Structure formats: C-alpha cells, structure tokens
Amino acid sequence: MMKNISLNKTWFRRLLFSYVTIFLFIVPLLMFILLMAFSELSRKTAVESNKIFTKQVLQSIDNQMKLIDNTITNEIASDDDMLSAFFNPALREDRFYSGYLSSVKVKSLMATMPLIDSIYLYRLSDDTVQTPYSVSKLAAFNDKQLIVEALKQSGLNQQWTDVRKGYTEQGEPTEFVSLVRYVPLNSGNDGLIVVNVQIQAVARFVQTLTTENSNHLSLYDREGTPIYGGIHGNDSLMTKMHSDYSEWDIFSSVANGNLFRLVSAISKYWIFVCAIFFSIGVIWIVVVTRRNYKPVETIIQRIQLFSQQKSAELFRKGNQDEFKFIDTALVNLMERSNAYQKQHEEDLVFKRKHFFFEWLDGNRPLKVEEWQQEMESLGMPSNFDSLCVSVLEINKYSKFANLYSDHDQNLLKFVLCSVVKEIAFGRNVTIWTEWTSKDQLTLLHLVQKVPPESTPEQIASDIANDMMQWVKTYLDFNITMGIGSAVDRIELVHYAYVEALEALQYKPTLGEDRVICYWQIKPESKQQSLDLLEYIRAIAFSLRTGEGDWQVSFAQLFDGIRAGLYVRKELDNLMSYMIFFLDKEFTDLPAGVQKLGADGLKDKLQKVVDDWDTVDELQDMLRNVLTKTTEAMATLREMSSNHILIRKIKLYMEEHYQNPDLSLLHLSEVFHVHLKSISRTFKEEIGENFIDYLTRIRTEHAKELLVQTEHSIQEITVRIGYLHPNTFIRSFKKLVGQTPGDFRKTAQVKS
C-alpha cells in the first residue's frame with residue numbers, strides 16, 4: 001500500500017512571510033513619500049505665494065515711479081503756463097511768472113506725490129536753478145552734479161538714475177534716485193526738470209506693503225546698490241524679479257510661516273497614525289492568509305483523491321512543496337486544455353465559413369431564433385437593423401497569382417479583410433468577411449442605427465469606395481466591388497448575395513476598378529435594337545470574301561456592346577457565336593485559306609475569349625488576331641492565279657446587279673471563260689456559290705432602298721434586278737430573317 005503523503009504548511013508560511021515582508025517595506029516607503037509630497041507641496045505653495053507677493057510689490061513700486069514720470073512728462077508736454085513761464089526768456093525778468101508761479105506748481109506736484117523729496121527747475125538760458133524754496137545759479141547750487149551730468153548726456157529723457165549721493169533743500173547729504181526730463185521733451189533747448197526721490201521714502205513705501213510676519217524683501221538698483229532691505233532667507237525659496245521699467249531687482253524670501261508649521265505638525269501625528277495602521281495590517285494579513293490557505297488545502301486533498309496512482313511521481317523523496325505538487329498535477333490538464341482550445345478555434349473557423357456559405361447560397365433555411373443561436377455559438381454578433389452583401393473581386397487574378405507567391409497572396413488577402421473591417425469601424429457596421437472563391441471576398445454588412453439622412457446601401461457604398469481608394473493608394477493591384485440591395489430579414493440575404501454577384505457580371509461593360517451597385521443597374525436600358533449578330537455575320541462575310549472593311553463592322557459590334565448593358569456570360573456567349581461562325585465560314589474557302597483555320601485561328605480566338613477582363617481588352621486582342629489572319633488571307637489570294645479574274649467578276653457583279661439576266665452564262669460570255677470553270681473558281685475563291693453571293697449583294701442594296709427611300713416593294717424589286725416581288729421577298733427573308741416590309745418598319749422605329 002502506497003505511503004500517505006504528508007503535507008506541511010510550507011506554502012502557508014511562505015505566503016505569510018511574503019505578505020509581511022512587503023508590508024514592512026511598503027509602509028515606511030509610503031510614509032516617506034507622503035511626507036516628501038506634503039513637504040514639496042508646501043514648498044511649491046510657498047514659492048508660488050512668494051512670487052505673487054513679490055510681483056505685487058514690484059508692480060506697486062513701478063506704478064508709483066511711473067506716476068511721477070508720467071505726471072512730470074505730461075506737465076511739460078501740456079505747456080502749462082505755471083511751468084513754461086519759468087523757461088520763457090521773455091518772462092525771465094518778471095519774478096511773478098518766472099519765479100512765484102513755477103514754485104507754486106512744483107509744491108503742488110510734491111504735495112500730490114508724497115514720494116517726491118524735491119523738484120529742480122534748471123533754465124539753460126541764464127544757468128538758473130529753482131527749487132521749491134530758493135533760486136540760485138548752477139555754480140552755487142549744492143546738488144549741481146546731476147544737472148551737469150545730464151547736460152553732457154547725448155540722449156534725452158533717460159530712466160530713473162541709480163542710487164546717488166545728493167543734498168536736501170536744507171543742505172544735508174542723503175541718497176536719492178532721480179528722474180531728469182528735458183524742456184522741451186524732444187530737444188531740451190530751454191532746460192530741464194529734476195525730480196528727486198529719497199531712498200528712505202521708497203523704503204517707507206515698501207514697508208507699507210508688508211507686515212511684520214511677511215516675506216523678507218530686498219530692493220536693488222541697476223548697479224546692485226541696495227535701496228531697501230538686504231537680508232535674505234532660505235535660498236531654495238528665494239524669488240527674484242526684474243523691473244522692465246526701472247530695471248531694479250527685487251528679492252523675496254519666505255519667512256517660516258504657518259504653512260511650514262502645519263507640515264511639521266502633520267509629520268509628527270502621521271508617524272503615530274502609521275504605527276497604528278501597521279499593527280492592524282500585520283493582524284489582518286495573518287487572518288486573511290489563514291483564510292485564503294483553506295481553498296489550497298481543499299485543492300490538494302482533491303488532487304490526492306484523483307491522483308493516487310501517480311502520487312509517487314508527483315512527490316519524489318524530499319519534495320513536500322504544495323505549490324510544486326499543484327503545478328505538476330495540473331500540467332497535463334493545462335496541456336490537454338490548450339490542445340482542446342486550439343482544436344476548437346480551428347473548428348470554429350471552419351464552422352463559420354461553412355455556415356457562411358450555406359447561408360449565402362440559400363441552402364439552409366433558418367428561423368430567427370436558430371440563426372441567433374448559431375451566430376452566438378460562432379462568436380459573431382446577431383444584432384442588426386439591415387443586412388447588406390458586397391463582393392470584392394481581385395482584377396486580373398491570373399496576373400495577381402503569377403506576381404505573388406502563395407504566402408504573399410494569403411498575406412494580401414488577410415490585409416484586405418483587416419482593412420475593410422477597419423474602414424467600417426465607427427460607422428455602426430459589423431462586417432463578416434469570407435473568401436468565397438480564390439479571387440472573391442464576400443462581405444456581409446450588419447448595419448445598426450442607420451442615420452436618417454442615409455441608407456444601408458449608401459453606408460455599404462461609402463465603405464466600398466473608401467476600400468477602393470485605399471487599395472489604389474497602397475497596393476499594386478486593383479479590385480472591383482459589387483453591392484446588392486439591403487434586406488431586413490435573414491432569409492433574404494441569399495438574394496442580396498445573388499444581386500452583388502450579378503452586379504460584378506457587368507464589370508466588362510461598366511469597367512473594372514470601380515464600385516458597381518445593383519440598384520443602379522437598369523437592364524431594361526440595353527439597346528436591343530443593335531443587332532450584334534448581324535455585325536458578326538458582316539465581319540465573317542468581309543473576312544471570307546475579302547471585300548469591304550471588316551474593321552468597320554468590328555467597331556460597330558463593340559460600339560453596340562458598349563451601348564448596351566451586357567454581363568460577362570452574355571458577352572462570352574456572343575464571342576463563342578462569333579468563333580463558331582468564323583470557323584464555319586472558313587470551311588467553304590479554298591484549301592490554302594482553310595489551312596489558316598487549321599493552324600490555330602479558332603484556338604487563338606478562344607484563348608482571347610478566356611483571358612479578357614474588360615471590353616477594351618477584348619476588342620484589342622480580337623483585332624490583333626483578325627488583322628493577322630486577314631493579312632495572311634490576302635497574301636494567299638494574291639498568289640492565286642484566279643484572284644484577278646474573281647476580282648473582275650466581283651466588280652462587274654457589283655456594277656450590274658440590277659440586270660435581271662445576270663447569271664453564270666452571262667459572265668461566261670462577258671469574260672470568255674467556260675461556265676463550269678467560273679462556278680468552280682467562284683466557289684473556291686469566295687467560299688460561296690454565285691447565286692448566294694449575288695443574292696447577298698442585291699439584299700444589301702435592297703436594305704438601303706428600304707431605309708432611305710419611300711419606294712414600294714414592287715419598285716425595289718425591279719431596281720435590284722428581280723422580276724417578281726415574291727422571289728425578292730422570299731430571298732430577303734431567308735437572308736435577313738424578316739420580310740422587307742417588317743425590316744422597313746423596324747428601321748423606322750429605330751430612327
């Protein structure tokens with residue numbers, strides 16, 4: 001008796017320790033990441049707030065300085081009497097205008113703009129400087145250095161100066177930033193105005209914009225001279241901004257505010273919270289692992305029950321791992337399952353194709369419920385509002401097969417299936433594609449939710465046109481697509497498929513490399529009035545007799561084919577009749593000419609009929625074969641000794657067909673040749689006897705008279721050489737197939 005296998009809890013301990021190890025590693029990592037995230041978020045928030053605050057402070061300073069600049073500039077530009085009087089040479093001696101009024105105006109400007117410490121008016125004409133409270137010459141003026149430097153500058157109306165040493169109105173040294181504006185603004189010929197702002201005034205203004213616990217600010221001029229502050233905080237939180245107006249730089253650092261204290265507090269409490277969750281997590285993992293291990297025990301027990309015979313193989317000596325036991329026991333089941341799955345997929349492809357063929361061919365009547373079950377079993381959708389069938393055909397398939405290997409052909413066919421499904425994606429259309437023949441791909445459109453402005457046929461036509469365009473752009477071969485009418489019942493799909501195939505049959509006349517819709521074809525529009533068989537008989541007659549231009553009748557034949565709407569089968573039958581008729585006509589020709597037919601004319605014509613795709617190709621290939629044949633026949637006839645005699649006889653008959661006495665005896669007398677010799681030679685060279693040839697000539701002229709004139713049958717009988725109308729009518733009907741009267745009526749209807 002086999003020893004019972006003892007299973008320990010190796011997997012339980014492995015699972016438990018795996019969870020705990022991951023837990024102990026992840027929790028501290030998450031704590032660290034969370035704290036870092038909070039810290040980074042706080043830092044970014046502080047920096048962004050600092051940028052906004054710094055920008056507002058810099059804008060406020062610029063606004064105050066711009067206000068002073070704009071006010072002074074506007075006063076100069078407005079030509080105010082109170083200021084312009086000082087610079088007016090004519091009023092220089094008038095102390096009221098040149099001294100008092102300008103002093104009042106300067107004091108008014110200083111009162112409206114508190115940042116201004118002093119304003120100097122300098123008159124170039126007499127080198128005079130006026131302050132709000134005094135008038136002096138430039139040489140004796142304490143703060144003359146700025147005016148002297150301004151007079152030396154080449155440019156006018158510069159921006160605010162850097163921090164400079166100057167003197168107040170009371171003569172005390174101090175630091176200023178000054179603005180110089182020339183009078184007039186565009187030349188400075190009269191003098192200039194100097195506006196001084198003390199650095200202390202700027203500092204006091206900045207202090208009004210900040211609070212005790214707000215950010216640390218520092219303000220510097222262009223040269224780096226401090227205007228305000230000068231103490232920086234944490235460099236990582238430092239913000240620097242540059243004024244485009246004054247070209248001053250401002251630095252701002254974040255103070256240790258409430259946001260960072262909040263982050264510190266959160267960090268302390270979060271460690272305590274994480275410790276609690278850590279303890280709960282350890283307990284939870286132990287409980288969950290124990291509970292999750294029970295199904296594993298159950299699986300092992302069941303495997304033991306059904307694998308007693310192979311347990312020795314599954315558990316060799318020293319192998320007590322449950323996981324390996326399960327893996328080894330299930331490997332055969334997995335392999336067998338994969339084999340079954342692969343076989344099922346292969347069978348499913350075959351079943352889909354078989355069901356597709358049966359359904360389209362109409363060989364399997366289905367009820368809706370049965371069809372839905374079948375579609376579900378095949379993994380295909382069954383919901384639709386309308387069904388539409390189209391057939392894609394590869395043009396010139398023989399060339400396609402010769403150009404590509406079998407592998408490449410299969411790959412290209414797979415590409416066509418994939419592309420048409422991709423084109424249909426997003427149009428509420430599901431397409432089921434199957435290759436129903438080597439050169440035809442059938443597409444079943446399951447259309448859902450047809451838009452009000454469209455139809456199922458229009459949707460299928462749009463998909464087909466897009467497919468045609470894609471093939472033209474990316475592939476080296478062409479396709480033609482036929483589309484049948486949309487149906488709303490599954491039992492009508494067969495008829496839609498038949499319509500799509502029938503639409504493709506019109507490819508020879510409508511042309512390849514296009515979409516042919518069945519509902520756009522009107523078979524009743526065929527021009528049945530064109531007697532194509534008559535053209536074939538005319539071609540055969542011209543070839544046999546060597547008379548006339550057979551290419552005229554040949555061109556008329558194909559013009560008639562193009563004017564009508566003929567399917568491939570109809571044209572194949574027509575061409576087969578032409579081959580039969582030409583072969584029959586050759587049997588009555590001389591032995592030398594008959595040899596042309598024996599040398600493969602019929603086979604050449606049949607090969608053309610088997611290989612053509614379009615009407616143009618058929619016409620070109622037939623013309624080449626018939627041209628070579630007529631050239632060979634002409635060479636043989638010219639080599640014949642009787643050829644010249646027969647040509648003279650034929651010409652004579654064409655000129656004297658109206659003579660009722662025209663006969664072999666008459667010809668014998670005219671050409672001095674024995675009657676039997678003429679009859680035999682005529683038969684050999686032309687391929688028909690004298691009477692039949694004469695009847696044909698008279699009949700052709702009778703047709704012209706019937707169509708072009710109003711002559712009676714009696715008159716026409718006499719004109720073409722017959723003595724009795726009955727003889728004429730009988731001969732005409734035998735050759736044409738209808739009486740002269742019926743022929744005239746038919747011709748009148750055609751015209």
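Me: What makes a residue count as buried, exposed or partly exposed in this predicted model?

Reply: A residue is buried under 20% relative accessible area, exposed over 50%, and partly exposed in between.

Me: Why is E175 called partly exposed?

Reply: E175 has a relative accessible area of 29%, and since partly exposed is the range between 20% and 50%, E175 is therefore placed in that class.

Me: What makes K165 exposed or buried?

Reply: The relative accessibility of K165 is 67%, and because exposed means over 50%, K165 counts as exposed.

Me: Why is the contact of E175 and K165 called a salt bridge?

Reply: Their side chains meet at 3.2 Å, N to O, and a salt bridge asks for a Lys or Arg side-chain nitrogen within 4 Å of a carboxyl oxygen of Asp or Glu, so the pair qualifies. E175 sits in strand β5 and K165 in strand β4, 10 residues apart, and the pair links distant parts of the chain.

Me: How do you know that E700 and K703 are separated by about one helical turn?

Reply: They are 3 residues apart in helix α23, and an α-helix has 3.6 residues a turn. Their side chains also meet in a salt bridge at 3.6 Å, N to O.

Me: Which of the words buried and partly exposed fits K703, and which fits E700?

Reply: K703 has a relative accessible area of 13%, and because buried means under 20%, K703 is buried, whereas E700, at 38%, counts as partly exposed.

Methods:
Residues numbered from 1 in each chain as written. Predicted model: local features only at pLDDT ≥ 70, side-chain atom pairs only at ≥ 80, totals over all residues. Heavy atoms only, no water. Helix = DSSP H or I, 4+ residues; strand = E, 2+ residues; numbered from the N terminus. Buried < 20%, exposed > 50% of the residue type's maximum accessible area, 1.4 Å probe, protein only.
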